[in-house]
Amino acid sequence: GFDNIPRTLMNGASTTQGGFNEEQMAERTIGSVCRSAGYDEVITYSFYSPSVFDMIRLPADSPLRTAVTILNPLGEDTSNMRTTLLPSMLEVLVRNYNLRNKNVKLYEIGKTYFARADGLADEPKTLCMGAFGSDMDFYRMKGTIEALLNELRIFGAEFSAVRDNPSYHPGRCAEVMVGGVRLGVFGQVHPKVAENYGMSEPMYAAELGFDATYGARAPQAVYVPLPRFPAVTRDIALVCSDTITVGELSDCIKKSGGKYLESCEVFDVYKGAPIPADKKSVAFSLCLRADDQTLTDDHANEAISDILNALQDMFGAIIR
């Protein structure tokens with residue numbers, strides 16, 4: 001007789017339409033971008049052995065070593081709540097390598113746990129990505145992160161080299177900054193860390209804080225009309241010190257390009273004769289456009305001149 005009971009709302013209760021909130025939608029967007037880039041999702045345990053801190057070469061005074069200890073662990077290998085997802089990700093990568101999987105890309109969005117004075121723990125989420133294989137390198141990892149930031153409407157990201165993170169290769173590691181806020185770090189796993197895990201192939205990883213990444217999003221997208229006036233493109237090739245990063249040159253160009261500079265893209269980096277041994281050549285394609293008029297050669301030349309002067313003053317870079 002249940003079918004004879006009339007359908008009514010609960011007394012004294014208000015109903016709401018189900019759906020995802022903004023934070024949940026952002027998490028789903030991150031997962032969608034990772035999967036579209038070929039990454040498979042994994043879910044690892046939230047606890048591990050304290051010995052993993054030595055395996056990823058954390059300094060003795062690192063705050064990541066201050067982990068929440070489980071009172072009744074199943075064993076030593078599961079006695080600490082994780083403060084970083086990197087050890088778990090490396091374990092899964094190595095397991096896949098031992099099973100003869102040649103090209104592996106994985107990601108996980110999971111909580112980390114940091115002890116508080118009141119005995120409880122803060123539980124921030126982290127996006128961790130890991131990969132190895134013949135089609136994987138530092139720049140492919142960087143490209144995936146750029147696609148992720150773009151999809152989340154995070155603009156103005158800056159990538160700067162990091163040489164003092166013991167878990168990553170000192171020459172192939174960078175941190176992601178937006179508006180002075182650090183989102184995370186990515187790069188090639190340090191060879192000694194890979195050796196600690198019994199891995200002979202280069203591994204690449206990224207760790208991005210979810211809260212910082214979510215907070216860096218721009219407001220809802222605003223659509224603007226297509227440009228009415230044609231663009232002017234100019235290519236410049238610069239000779240500079242080999243210690244100067246392409247990102248530093250690109251940032252200088254964008255800051256000094258003025259209102260007409262629409263985009264700046266690097267398309268060539270060259271080392272070798274006739275370039276001196278301690279220098280390199282970096283070529284950029286610049287796109288200039290005005291919203292209210294067709295740019296003349298004088299306008300374009302003035303903008304290019306300002307850019308070249310700024311590059312020479314800041315880095316000693318000259319036209320090749």
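These exercises cover a sheet, the helices beside it, and one serine in a helix.

The model is predicted: local features need pLDDT of at least 70, side-chain atom pairs count only at pLDDT 80 or more, and totals for chains, interfaces and linings use all residues. Residues are numbered from 1 along each chain as its sequence is written, and side-chain values use heavy atoms, with hydrogens and water left out.

**Exercise 1. Find which strands stand at the edges of the sheet.**

Start with the terms. Helices (H or I, at least four residues) and strands (E, at least two) are DSSP runs, numbered from the N terminus. Two strands pair if DSSP finds at least two bridges between them.

Next, read the order: β1-β4-β7-β11-β10-β9-β8. This sheet of seven strands is open, with mixed pairing. β1 (40-41) and β8 (158-161) each have a single partner strand, so one side of each lacks a neighbour in the sheet.

**Exercise 2. Work out the pairing sense from β1 to β11, parallel or antiparallel.**

Step one: β1 and β4 are parallel, over two bridges. Glu41 faces Tyr107 in β4.

Step two: β4 and β7 run antiparallel, joined by eight bridges. Here Leu106 stands opposite Gly130 in β7.

Step three: β7 (residues 125-132) and β11 (residues 204-209) are antiparallel, with six bridges. Met129 is opposite Ala206 in β11.

**Exercise 3. Place helices α1 and α4 against the strands.**

Contact means heavy atoms within 4.5 Å. Axes are lines fitted to C-alpha atoms, for helices over the stretch in contact; angles run from 0 to 180 degrees between N-to-C directions.

Helix α1 (residues 22-36) touches β1, β4 (104-111) and β7. Its direction makes about 170° with that of β4. Helix α4 (residues 138-151) lies across β7, β8, β9, β10 and β11, at about 25° to β11.

Now check burial. Buried means under 20% relative accessible area, exposed over 50%, partly exposed in between (1.4 Å probe, protein chains only). Seven of the eight residues of β4 are buried, so β4 is largely enclosed by the rest of the structure.

**Exercise 4. Describe the surroundings of Ser256.**

Locate the residue: Ser256 lies in helix α7 (residues 246-256). At 19% relative accessibility, Ser256 counts as buried. Its side chain reaches the backbone oxygen of Cys252 at 2.8 Å. Leaving out residues up to four places away in sequence, Ser256 touches Asp306, Ile307 and Ala310.

Conventions. A polar contact is a pair of N or O atoms within 3.5 Å; within protein, one must be able to donate a hydrogen and the other to accept it, and residues adjacent in sequence count only if both atoms are side-chain atoms.
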